[in-house]
Amino acid sequence: MMWRDTRLRRAVWAVSAAATLTVALAACGGGGTDNGKGKQGAASTSVTSAPASQAPAGDGTPSPTATRTLGTLQGTNGLELVIQSAVRDQGGFLTLSGVIKNTSSSTQLAPIQWAGDETQVKEKGLSLAGMTLVDPKGKKRYYVLRDTDGYPLTTMGDFNFSAGQTQPFFAQFPAPPASTTQVGVDLPTMNTATIAIS
């Protein structure tokens, strides 16, 4: 998985984070826990930094900080997305991390739908930008954040998985209110998983 070097140029965002999140949360309105595929363009926003707890590892990709399983999304082609960590940070963000597994006996290419429907984001390459969080209590849907260059704050790469291969992933979102302790995680072509968030 590749972490784009251009995203490392982001400046300190602390002053503007509150305003950015307000816009993101206001735009993310949507009721219920439906999968809501095709809504990915409704509430994109931009930030200028990733949390320190998810700083890129030596290869540029954040590694999961836990080995427990909070939830698993499964596709029909044998790909699984295992969520191992869901952590809020003090900047008002929520970062999911875990691993993508190819449980099949053949090479699998991740569906292009994983990148979502936004033209600007799809032009950046394959990613997990189509992932969304659903807060059933607050009736809100949250989308993967974008940096100032339009890159999604999530793992990017060719997503070509050989048989049995496992790769780490992360995705960063605006954090739901502190009163929200569970969210649904959606990714196009996969089932929905409900996870607890700290």
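Let's start with Asp186, which is buried at a relative accessible area of just 2%. Its side chain meets that of Arg141 in a salt bridge, 3.2 Å from N to O. Keep in mind that this is a predicted model. From here we'll look at the charged pairs, then the aromatic rings, then a few strands and the residues in them.

**Salt bridges**

- How many salt bridges does the structure hold? There are two, and Arg141 with Asp186 is one of them.
- Arg141 sits in strand E7 (residues 140–143) and Asp186 in strand E11 (residues 182–186), so this pair ties together parts that are 45 residues apart in sequence.
- Arg141 is buried as well, with a relative accessible area of 3%.
- Glu118 and Arg146 also form a salt bridge, and here the closest N and O atoms are 2.4 Å apart.
- That pair links distant parts of the chain, 28 residues apart: Glu118 is in the loop between strand E5 (108–109) and helix H2 (119–122), while Arg146 is in strand E8 (residues 146–147).
- Are these two residues buried or exposed? Glu118 is buried, with a relative accessible area of 12%, and Arg146 is buried too, at 4%.
- As background, side chains of opposite charge can pair when their charged atoms come close.

**Aromatic rings**

- The count here comes to two aromatic pairs.
- Trp114 and Phe159 make an edge-to-face pair, with 5.9 Å from centre to centre and 80° between the planes.
- Trp114 belongs to the loop between E5 and H2, and Phe159 to the loop between E8 and strand E9 (160–161), so their pairing ties together parts that are 45 residues apart in sequence.
- Both Trp114 and Phe159 are buried.
- Phe159 also pairs with Phe161: the ring centres are 6.2 Å apart and the planes are at 45°, so this pair is tilted.
- Phe159 and Phe161 are both buried.
- Put the ring pairs together and you get a cluster of Trp114, Phe159 and Phe161.

**A charge over a ring**

- Which ring does the charged end of Lys124 sit over? The ring is that of Tyr151, and the charged end is 4.6 Å from its centre.

**Asn160 and its surroundings**

- Asn160 is found in strand E9.
- Why does Asn160 count as partly exposed? Its relative accessibility is 42%, and partly exposed covers the range between 20% and 50%.
- Leu109 is 51 residues away from Asn160 in sequence, but their C-alpha atoms are 4.5 Å apart in space.
- Leaving aside residues up to four places away in sequence, Asn160 touches Thr107, Gln108, Leu109 and Gln165.

**Strand E4 and its partners**

- Nine of the 10 residues of E4 are buried, so this strand is largely enclosed by the rest of the structure.
- Strand E3 (residues 79–88) is joined to E4 by nine bridges, and the two run antiparallel.
- Want a place to find that pairing? Glu80 has Lys101 in E4 as its bridge partner.
- E3 and E4 form a hairpin with four residues between them. In the turn, Gly92 has a positive phi of about 90°.
- E4 also pairs with strand E10 (residues 166–174), again over nine bridges and in the antiparallel sense.
- For this pairing, look at Val99, whose bridge partner in E10 is Pro168.

**Two residues inside E4**

- Thr95 is found in strand E4 (residues 93–102), and at 3% relative accessibility it counts as buried.
- The side chain of Thr95 is joined to that of Gln172 by a polar contact of 3.5 Å.
- Ser97 is found in E4 too, and it counts as buried at 0% relative accessibility.
- How far apart are the C-alpha atoms of Ser97 and Ala86? They are separated by 6.7 Å, while the two residues are 11 apart along the chain.

Note on methods
Residues are numbered from 1 along each chain as its sequence is written. This is a predicted model: local features need pLDDT of at least 70, side-chain atom pairs count only at pLDDT 80 or more; totals for chains, interfaces and linings use all residues. Side-chain values use heavy atoms; hydrogens and water are left out. A salt bridge is a side-chain nitrogen of Lys or Arg within 4 Å of a carboxyl oxygen of Asp or Glu. Buried means under 20% relative accessible area, exposed over 50%, partly exposed in between (1.4 Å probe, protein chains only). Rings of Phe, Tyr and Trp (its six-membered ring) pair if their centres lie within 6.5 Å; planes under 30 degrees apart count as stacked, over 60 as edge-to-face and the rest as tilted. A charge sits over a ring if NZ of Lys or CZ of Arg is within 6 Å of the ring centre and within 35 degrees of the ring normal. Contact means heavy atoms within 4.5 Å. A polar contact is a pair of N or O atoms within 3.5 Å; within protein, one must be able to donate a hydrogen and the other to accept it, and residues adjacent in sequence count only if both atoms are side-chain atoms. Two strands pair if DSSP finds at least two bridges between them.
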